[in-house]
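Please open the model in your viewer and keep the sequence panel visible beside it. The tour proceeds by selections, each followed by a description of what is found there.

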Amino acid sequence: MTPEERKDLIAKYASGYDEVMNALNGFPSDSLGAHPIPGKWSAREIVHHLGDSETTSAGRLRKLLVEDNPLIQGYDQDEFATKLRYNERDMAPALEAFRCARESTMQVIGLMTEDDWKRTGTHSESGPYSTEDWLRIYAAHAHNHAAQIRRLREILAADSR
């Protein structure tokens with residue numbers, strides 16, 4: 001990864017929370033739990049996923065920076081959504097967890113050295129996993145989910161016409 005690519009990915013990561021908030025802007029509050037796309041998450045479920053995923057990802061980066069060749073444990077996001085009852089809970093705390101995890105992690109990223117960007121571990125599901133892999137994944141993660149929220153909002157708007 002070049003320094004320019006890294007800088008762009010860090011900027012994208014930093015803007016992820018705002019991207020999600022923009023996608024939620026104007027979303028009908030009575031439809032946050034709706035499933036207009038069969039088999040896909042609701043906007044509320046996406047937000048809870050982001051809260052849990054961000055706190056998990058923050059820990060992953062820290063393990064990569066602190067431990068030698070750490071094991072980065074995967075998890076079943078669909079089981080989280082079901083068993084933690086994402087669609088039954090208020091999403092405000094999940095949004096705050098997402099925001100705080102990103103903000104705190106941006107402080108860590110801002111202090112990382114070139115050696116830190118070379119650190120590696122092993123992901124339990126995908127094998128070799130580095131700090132650069134982490135950045136590639138999480139720089140796009142919130143943006144991808146913001147796009148899902150926008151699609152849900154568009155479908156709901158079209159259905160209400």
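Begin with two helices displayed together, α3 and α5: their crossing is left-handed, a term used when the near helix is turned anticlockwise from the far one by less than a right angle, whereas a clockwise turn is right-handed. The model is predicted, so local features need pLDDT of at least 70 and side-chain atom pairs count only at pLDDT 80 or more, while totals for chains, interfaces and linings use all residues. Residues are numbered from 1 along each chain as its sequence is written, and side-chain values use heavy atoms, with hydrogens and water left out.

**The helix pair α3 and α5**

Select residues 43–66 for α3 and residues 92–110 for α5; the two helices pack at an angle of about 25°, with their axes 7 Å apart. That angle makes α3 roughly parallel to α5. Angles under 35 degrees count as roughly parallel, over 145 as roughly antiparallel, 65 to 115 as roughly perpendicular and the rest as oblique. The axes are lines fitted to C-alpha atoms, for helices over the stretch in contact, and angles run from 0 to 180 degrees between N-to-C directions. Helices (H or I, at least four residues) and strands (E, at least two) are DSSP runs, numbered from the N terminus.

Next, show the side chains at this contact (heavy atoms within 4.5 Å). From α3, the contributors are Val47, His48, Leu50, Gly51, Glu54, Thr55, Ala58, Leu61, Arg62 and Leu65. From α5, they are Ala94, Leu95, Ala97, Phe98, Ala101, Arg102, Ser104, Thr105, Val108 and Ile109. Colouring the contact of α3 with α5 by class gives 12 nonpolar, five polar and three charged residues. Here Ala, Val, Leu, Ile, Met, Phe, Trp, Tyr, Cys and Pro count as nonpolar, Asp, Glu, Lys and Arg as charged, and the others, Gly among them, as polar.

**From α5 to α6**

Keep α5 displayed and add α6, residues 131–159; the two axes come within 13 Å and cross at roughly 145°. The crossing of α5 and α6 is also left-handed. Phe98, Arg102, Thr105 and Ile109 of α5 meet Trp134, Tyr138 and Ala142 of α6. By class, the contact of α5 with α6 has five nonpolar, one polar and one charged residues.

**A residue within α3**

Which residues does Ser53 contact, leaving aside its neighbours within four places in sequence? Select Ser53 in helix α3, and then add its contacts Tyr75, Tyr138 and His141. At 2% relative accessibility, Ser53 counts as buried; buried means under 20% relative accessible area, exposed over 50%, and partly exposed in between (1.4 Å probe, protein chains only).

**The sheet**

Switch to a cartoon view and select the three strands, which form an open sheet of mixed pairing in the order β1-β2-β3. The edge strands are β1 and β3, each pairing on one side only. Two strands pair if DSSP finds at least two bridges between them.

Start at β1, residues 71–72, which runs parallel to β2 and is joined to it by two bridges. Leu71 has Thr122 as its bridge partner, and Ile72 has His123.

Continue to β3, residues 127–130, which pairs with β2 in the antiparallel sense over four bridges. Among the partners, Thr120 is matched with Ser130 and Gly121 with Tyr129. The strands β2 and β3 form a hairpin with three residues between them.

Colour β2, residues 120–123, by face: Gly121 and His123 lie on the covered face, and Thr120 and Thr122 on the uncovered one.

**Three loop residues**

Within the loop between β2 and β3, select Ser124. At 35% relative accessibility, Ser124 counts as partly exposed. Beyond its neighbours within four places in sequence, Ser124 is in contact with Leu71, Ile72, Gln73 and Gly74.

Move to Asn69, in the loop between α3 and β1. Its phi is near 45°, a positive value in a residue other than glycine. Asn69 is exposed, with a relative accessible area of 52%.

Finish at Arg85, in the loop between α4 (77–83) and α5. Although Arg85 is not a glycine, it has a positive phi of about 50°. For context, most residues other than glycine have a negative phi.
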